[in-house]
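Visitor: I have a structure open in front of me. Can you show me how to read it, one feature at a time?

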Amino acid sequence: MHPAQNEECSTYGATSSTAHRNRLIIVANRAPVRLSQDKWVPAVGGLATALLPVLEKQSGLWVSMAENDEAPETQHFPEEKPAFDILRIQLSEQEKADYYSGMANQAIWPVAHYMIQHLQLKRSYFETYEAINKKFVDAVLSGYREGDYIWLQDYHLMLAPQQIRSIHPEAKIAHFWHIPWPAMEVFRILPWARELIQGLLGSDLIGFHIEEYVENFLDSVRVLLGAKIDGNIIFWQGREIRVEAHPIGVDTAYFHKVANSTTVKRDADLLRSQVGTDFLVIGIDRLDYTKGVLSRLLAFESFLQQYEEYHGRVTFYQVATPSRTDVGSYQQLKREVDEAVGRINGAYTRGIWSPVRYAYRTFSQDELCSIYRAADAALITPLRDGMNLVTQEFITATDHGVLVLSELTGAAHILPESVLVNPYDQEGVMNAIKIALELPDAEKKERLSTLKERVNRLDVHTWADGFLKSMQEG
Ligand code: GDG
């Protein structure tokens, strides 16, 4: 027996007194809490919102990377009534550079998004990635008890499932992949494609957002490993692995409440009056080359070139949240976006009207909601995106907006009533802006009401419940 299976030996006191069967262990790169005015509170974002209530009910662990040196290694949460423990693993700067910025963000990320021009490959990336996955696994096993469910998240932790399986063949392990799974021929560009897939196959259940990624994954397993596959079941090393589509949603009740609060409504009105044009079109993204911010600006520039009648009547407001600022290709993108905004405003500004309003900083969720509410249209045109949650937040918050959406996102499979575009087709996006601004009110209303229904049905709590149910029934 692994020492940690013995409750007496468990280091993590908060959960041992409330222990019951089927505890949950979440393993994710990020912790689910953040420090706000000297108090630990739930982190902003879908995963923490969806999984913290489940962990509070079932107890267990959340294992993540330490964000900084100040974050405690072990923490009972919530502070006032501990229900589960958060364990953080400390990484050196070199480990972070190779495992996180290197292997995860410069090897797996660009390949998954079909953007191999950003690919950086170093053997040390993979070696460190393997070692850090093992560090996560050691932390998991320090608190693991037989019967616990272990749920790993995303592309930072591809090898961990098999690393756990090799020590605990009986463990119940699931993995959810939040980004696209590309076509097999693209995934195999990674020199460690086979090892990475075998790592994932340590799971009992692997989840993706949509069927297309499920199919791509099954194809990769079939071709690269020669495994037998029947329907969505992979037969591998005497075990059966299920692969399923579970599209993620947002916390619709929360976004609905915030977007309809008096302060957000007031701020939305204020923004509209400051902008002062008939139409406000928005884009909200992490500044990442996959999100298509630069191509979108170029499409808006073509729109201004083509349709003079809209000069002075439309403002495009792009919010770009700083992201992965230590990676060269993200720094380069920032320079290109800065330049494009300067060029467009330089060419078209007349009187008090400037066509592009641009913010490069992190906003509060209330601020984002007031921007969603103020907008007549959202241009969400990633070159590739696993799902894209901004789409769903916008649809929940708006009472009149039109969604222009890239067909290369998971969201497009869920939200077909949006104005769909190919984000690589600049003229197509330019035309879609015009279509969105000129859509008759009745059609706008009809599309929006169907989209709202679809987003309500997804919801992040429904997603977590559905995935956990499948995990427990498997
Ligand atoms: C990955 C996959 C998949 C953005 N700026 C600010 C801010 N945000 C929030 C948005 C939204 C979230 O970040 C971004 O979610 P996305 O889904 O758009 O994209 P990724 O971060 O790339 O997420 C993606 C997702 O995982 C879930 O599976 O959908 O495809 O790539 O919630 O609102 N939030 C705040 N300030 C900002 O400035 N507070």
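**Reading the ligand shell and the cavity**

Guide: Start with the residues around the ligand, sorted by class: 10 are nonpolar, 7 polar and 4 charged. Keep in mind that this is a predicted model.

Visitor: Which residues come nearest to the ligand?

Guide: A residue counts as near if one of its heavy atoms lies within 4 Å. Here 21 residues surround the ligand, and those that come nearest are His178, Thr321, Phe363, Asp385 and Glu393.

Visitor: How do I read a polar contact?

Guide: Look for a pair of N or O atoms within 3.5 Å. Take His178: a polar atom of its side chain is 2.7 Å from a ligand oxygen. Glu393 also uses a polar side-chain atom, 2.5 Å from an oxygen atom of the ligand. With Met387, look at the backbone instead: a polar atom there is 2.8 Å from a ligand oxygen.

Visitor: How much of the ligand does the protein cover?

Guide: Begin with the ligand on its own, which has 730 Å² of accessible area. The protein covers 84% of that.

Visitor: Which elements give two or more residues to the shell?

Guide: Two helices to find: α13 (365–374) and α14 (389–397).

Visitor: Why does the ligand lie between the two domains?

Guide: Check which domains supply the shell. Domain 1 (3–249 + 461–473) gives residues to it, and so does domain 2 (252–458), so the ligand lies between them.

Visitor: Now the cavities. How many are there of 30 Å³ or more?

Guide: A cavity is space where a probe fits but cannot get out. This structure holds 1 of 30 Å³ or more. The largest cavity has about 60 Å³ of space.

Visitor: What lines the largest cavity?

Guide: Among the lining residues are Ile395, Val402, Glu417, Lys444 and Arg447. By class, the lining has 6 nonpolar, 2 polar and 3 charged residues. Strand β17 (402–406) and helix α17 (441–458) each give two or more residues. The largest share, 4 residues, is from α17.

Visitor: Last topic: the backbone. Where is there a cis peptide bond?

Guide: Read the omega angle. Between Phe77 and Pro78 omega is about -10 degrees, and the bond is cis. Pro78 sits in the loop that links β5 (74–77) and β6 (84–89).

Visitor: And what is the phi of Gln37?

Guide: Phi is near 45 degrees there, a positive value in a residue other than glycine. Find Gln37 in the loop between β2 (33–36) and β3 (39–42).

Note on methods:
Residues are numbered from 1 along each chain as its sequence is written. This is a predicted model: local features need pLDDT of at least 70, side-chain atom pairs count only at pLDDT 80 or more; totals for chains, interfaces and linings use all residues. Side-chain values use heavy atoms; hydrogens and water are left out. A polar contact is a pair of N or O atoms within 3.5 Å; within protein, one must be able to donate a hydrogen and the other to accept it, and residues adjacent in sequence count only if both atoms are side-chain atoms. Accessible areas come from the Shrake-Rupley method with a 1.4 Å probe; for residues, only the protein chains shown count as cover. Ala, Val, Leu, Ile, Met, Phe, Trp, Tyr, Cys and Pro count as nonpolar, Asp, Glu, Lys and Arg as charged, and the others, Gly among them, as polar. Domain bounds come from an automatic or database domain assignment. On a 1 Å grid over the protein atoms alone, a cavity is a set of points where a 1.4 Å probe fits but cannot get out, and a pocket is an open set with protein on both sides within 12 Å along at least five of seven lines; lining residues have an atom within 4 Å of a point. Grid points are joined across faces, edges and corners, and a volume is the space filled by probe spheres set on the points.
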